[in-house]
Amino acid sequence: MAAIQLAKQAGATVLATASSDEKLARLREFGLDHGINYATENFAERARELTDGRGVDVILDSVGGQTLLDGVGALAYRGTLVSVGLASRAGSSIEARELWTNNNALRGVFLGGALLAEFPRVHAMIADLIERVAGGELRVHIDRVFPLAEAAAAHAYIESRAAFGRVVLTP
């Protein structure tokens with residue numbers, strides 16, 4: 001949701017994937033222009049259709065695995081695929097040749113590593129994002145709040161993939 005809002009504020013046309021049409025409809029309030037239900041549609045094919053065959057300039061992938069591999073097929077000429085996580089818990093092997101054809105780039109981003117190497121820059125970036133949330137410029141959607149004693153139920157809820165937004169544990 002944050003990536004959708006930030007991309008929209010930067011002037012991008014925003015495409016995003018979700019596992020249901022209901023979730024995609026809810027993402028529109030955050031700035032989504034085009035939703036792709038990855039349970040019923042091929043992401044790369046649909047992204048190319050939505051861009052008149054051009055492809056996508058930047059893909060932010062937090063899932064990894066096959067999703068990361070599929071992203072390469074959705075990239076525009078000189079597009080960049082940014083890997084920020086492994087929610088699928090599956091590794092992936094990308095053949096470098098797949099990137100060469102369209103002069104694409106694959107970039108890995110790990111906030112923990114950036115904090116160690118570039119603390120002043122990352123600290124300022126995080127402070128700016130917190131200020132933007134506090135000022136209402138960025139929205140954080142809290143789906144459910146669980147007491148800490150119900151941590152197992154909170155994890156089960158997250159694993160059910162029913163959550164839309166953050167799930168919070170309180171003491």
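Hi everyone. Let me start with one pair of residues: Ser-83 has Gly-108 as its bridge partner in strand S5. That pair belongs to a longer pairing, in which S4 and strand S5, residues 105-108, run in the parallel sense over four bridges.

Before going on, please keep in mind that this is a predicted model. The mean pLDDT of the protein is 94, and 100% of its residues reach 70 or more. Among the elements, strand S6 (residues 142-147) has the highest mean pLDDT, 98, while helix H5 (residues 96-100) has the lowest, 89.

Back to the strands. What joins S3 to S4? Five bridges do, and these two strands run parallel. As one example, Val-58 finds its bridge partner in S4 at Thr-80. Put helix H4 into the picture, and S3, H4 and S4 together make a right-handed β-α-β unit.

Now let's look at H4 itself. Which of its residues are buried? They are Gly-65, Leu-68, Gly-71, Val-72 and Ala-74. The cover over these buried residues includes H3, S3, S4, H5 and S5.

That takes us to the inside of the protein. As a general point, nonpolar side chains in soluble globular proteins tend to be buried together. Here, the largest nonpolar core has twelve residues, and among them are Ile-36, Phe-43, Ala-47, Val-56, Leu-68, Val-72, Leu-81 and Leu-99. At least two residues of this core come from each of helix H3 (43-50), strand S3 (56-61), helix H4 (65-74) and strand S4 (75-83). There is also a second, separate core of nine residues, including Ala-16, Ala-18, Leu-24 and Leu-32.

Ile-36 is a nice residue to click on. Setting aside neighbours within four places in sequence, Ile-36 is in contact with residues including Leu-15, Ala-16, Ala-18, Leu-24, Phe-43 and Ala-47.

Let's follow one of those contacts, Leu-15. You will find Leu-15 in strand S1, residues 15-18. Is Leu-15 buried or partly exposed? It counts as partly exposed, because its relative accessibility is 22% and buried means under 20%. Not counting residues up to four places away in sequence, Leu-15 touches Leu-32, His-34, Ile-36, Ala-47, Leu-50 and Val-56. Leu-15 and Arg-46 lie 31 residues apart along the chain, and their C-alpha atoms are separated by 9.9 Å.

Near the start of the numbering, helix H1 (residues 2-9) holds Ala-2. With a relative accessible area of 44%, Ala-2 is partly exposed. The C-alpha atoms of Ala-2 and Ala-18, which are 16 residues apart along the chain, are separated by 15 Å.

Next, a quick check on a helix. The 16 residues of helix H7, residues 119-134, should span 22 Å at 1.5 Å a residue, and the end C-alpha atoms are indeed 22 Å apart, so the two values agree. Just after H7 comes Gly-136, with a positive phi of about 85 degrees.

Where else can we find a positive phi? Asn-103 has one of about 50 degrees, although this residue is not a glycine. Asn-103 sits in the loop between H5 and S5, and it is partly exposed, with a relative accessible area of 44%. Arg-161, also not a glycine, has a positive phi of about 65 degrees. Its place is in the loop between helix H8 (151-159) and strand S7 (166-170).

That's my tour. Thanks for listening!

Technical notes. Residues numbered from 1 in each chain as written. Predicted model: local features only at pLDDT ≥ 70, side-chain atom pairs only at ≥ 80, totals over all residues. Heavy atoms only, no water. Core = buried A, V, L, I, M, F, W, Y, C linked by side-chain atoms within 4.5 Å. Buried < 20%, exposed > 50% of the residue type's maximum accessible area, 1.4 Å probe, protein only. Contact = heavy atoms within 4.5 Å. Expected span 1.5 Å × (residues − 1). pLDDT = per-residue confidence, 0-100. Pairing = 2+ DSSP bridges. Right-handed = clockwise from strand over helix to strand, strands pointing away.
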